[in-house]
Amino acid sequence: KGDPGFDPRPVLEKLTIPVLWIFGLYDHVIPTNLSIDRIGEYQRAGKKNFDIHVLPFADHNFRNVFTSERYDPSEAASAWLRKKGFLE
C-alpha cells in the first residue's frame, strides 16, 4: 500500500560507508543498466564509496541465464572486502 516505487536518492546521497553493488546483467527485476548509470552519476560527482560489480550473464538470482549455473557473488564480495582492507 502507499505510493508505488521507492526513490533511493535521499538515502544514497547520505551514505558515506563503502558500498559494493553486485548486479546481474540479465536481471529482469532490477533495472540494471539504469541502476549502473545512476550510481555512475554519483561516482562522477565525486562519491567514491560506491563500487560496481556486474555478473555478465546473471539474472536476479545470480544464475547464468544460458547455463543455469549459479554465480557465487561472495567471490566478488570477498575480493572487494580485501581491496578495501576489511579482510586479509
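Among contacts between residues at least 6 apart in the sequence of the protein chain, 58% join residues at least 24 apart. The model described here is predicted. Its protein chain contains three helices and two strands, and these elements follow one another along the sequence in the pattern α-β-α-β-α. Taken along the principal axes, the box filled by the C-alpha atoms of the chain is roughly 45 × 40 × 25 Å.

Of the 88 residues in the protein chain, 25% are buried. The chain exposes about 6600 Å², and carbon and sulfur atoms supply 55% of this area. With regard to charge, the chain carries 12 positive and 12 negative side chains. The centres of these two sets lie 5 Å apart.

Two salt bridges are present in the structure. One of them is formed by Asp-51 and Lys-84, whose closest N and O atoms are 3.2 Å apart. This pair links distant parts of the chain, the two residues being 33 residues apart. Asp-51 belongs to strand E2, which spans residues 50–55, whereas Lys-84 is placed in the segment after helix H3, the helix itself covering residues 73–83. The partners also fall into separate accessibility classes. Asp-51 has a relative accessible area of 17% and is therefore buried, since the class comprises values under 20%. Lys-84, at 32% relative accessibility, counts as partly exposed.

The other salt bridge joins Arg-38 and Glu-41, with a separation of 3.8 Å between the closest N and O atoms. Both residues lie in helix H2, which runs through residues 32–44. They are three residues apart, about one turn of the helix. Arg-38 is partly exposed at 42% relative accessibility, and Glu-41 is likewise partly exposed, with a relative accessible area of 42%.

A nonpolar patch of about 500 Å² is found on the surface. Its members are Leu-25, Tyr-26, Val-54, Phe-57, Val-65 and Phe-66. Phe-57 is situated in the loop between E2 and H3, and its relative accessible area of 37% makes this residue partly exposed. Leu-25 occupies the loop between strand E1, residues 19–24, and helix H2. At 39% relative accessibility, Leu-25 also counts as partly exposed.

The surroundings of Leu-25 were examined further. When neighbours within four places in sequence are left aside, Leu-25 is in contact with Thr-32, Asn-33, Val-54, Leu-55, Pro-56 and Ala-58. One of these partners, Val-54, is itself a member of the nonpolar patch. Leu-25 and Val-65 are separated by 40 residues in sequence, yet their C-alpha atoms are 9.8 Å apart in space.

The loop between E2 and H3 also holds residues with positive phi values. Phe-62, located in this loop, has a phi near 60 degrees, a positive value in a residue other than glycine. At 18% relative accessibility, Phe-62 counts as buried. Ser-68 is placed in the loop between E2 and H3 as well. Although Ser-68 is not a glycine, its phi is positive, at about 70 degrees.

Towards the end of the chain, Leu-87 lies in the segment after H3. This residue is partly exposed, with a relative accessibility of 39%. Residues up to four places away in sequence not being counted, Leu-87 touches Ser-78, Leu-81 and Arg-82. Of these partners, Ser-78 is located in helix H3 and, at 25% relative accessibility, counts as partly exposed. Ser-78 and Glu-88 are 10 residues apart in sequence, and the distance between their C-alpha atoms is 9.6 Å.

How values were computed
Residues are numbered from 1 along each chain as its sequence is written. This is a predicted model: local features need pLDDT of at least 70, side-chain atom pairs count only at pLDDT 80 or more; totals for chains, interfaces and linings use all residues. Side-chain values use heavy atoms; hydrogens and water are left out. A salt bridge is a side-chain nitrogen of Lys or Arg within 4 Å of a carboxyl oxygen of Asp or Glu. Helices (H or I, at least four residues) and strands (E, at least two) are DSSP runs, numbered from the N terminus. Buried means under 20% relative accessible area, exposed over 50%, partly exposed in between (1.4 Å probe, protein chains only). Patches are made of residues with over 30% relative accessible area and no salt bridge: like charges are joined within 9 Å, nonpolar side chains (Val, Leu, Ile, Met, Phe, Trp, Tyr) within 5 Å. Accessible areas come from the Shrake-Rupley method with a 1.4 Å probe; for residues, only the protein chains shown count as cover. Contact means heavy atoms within 4.5 Å. Lys and Arg count as positive and Asp and Glu as negative; His and the chain ends are not counted. The place of a charge is taken as NZ of Lys, CZ of Arg, CG of Asp or CD of Glu.
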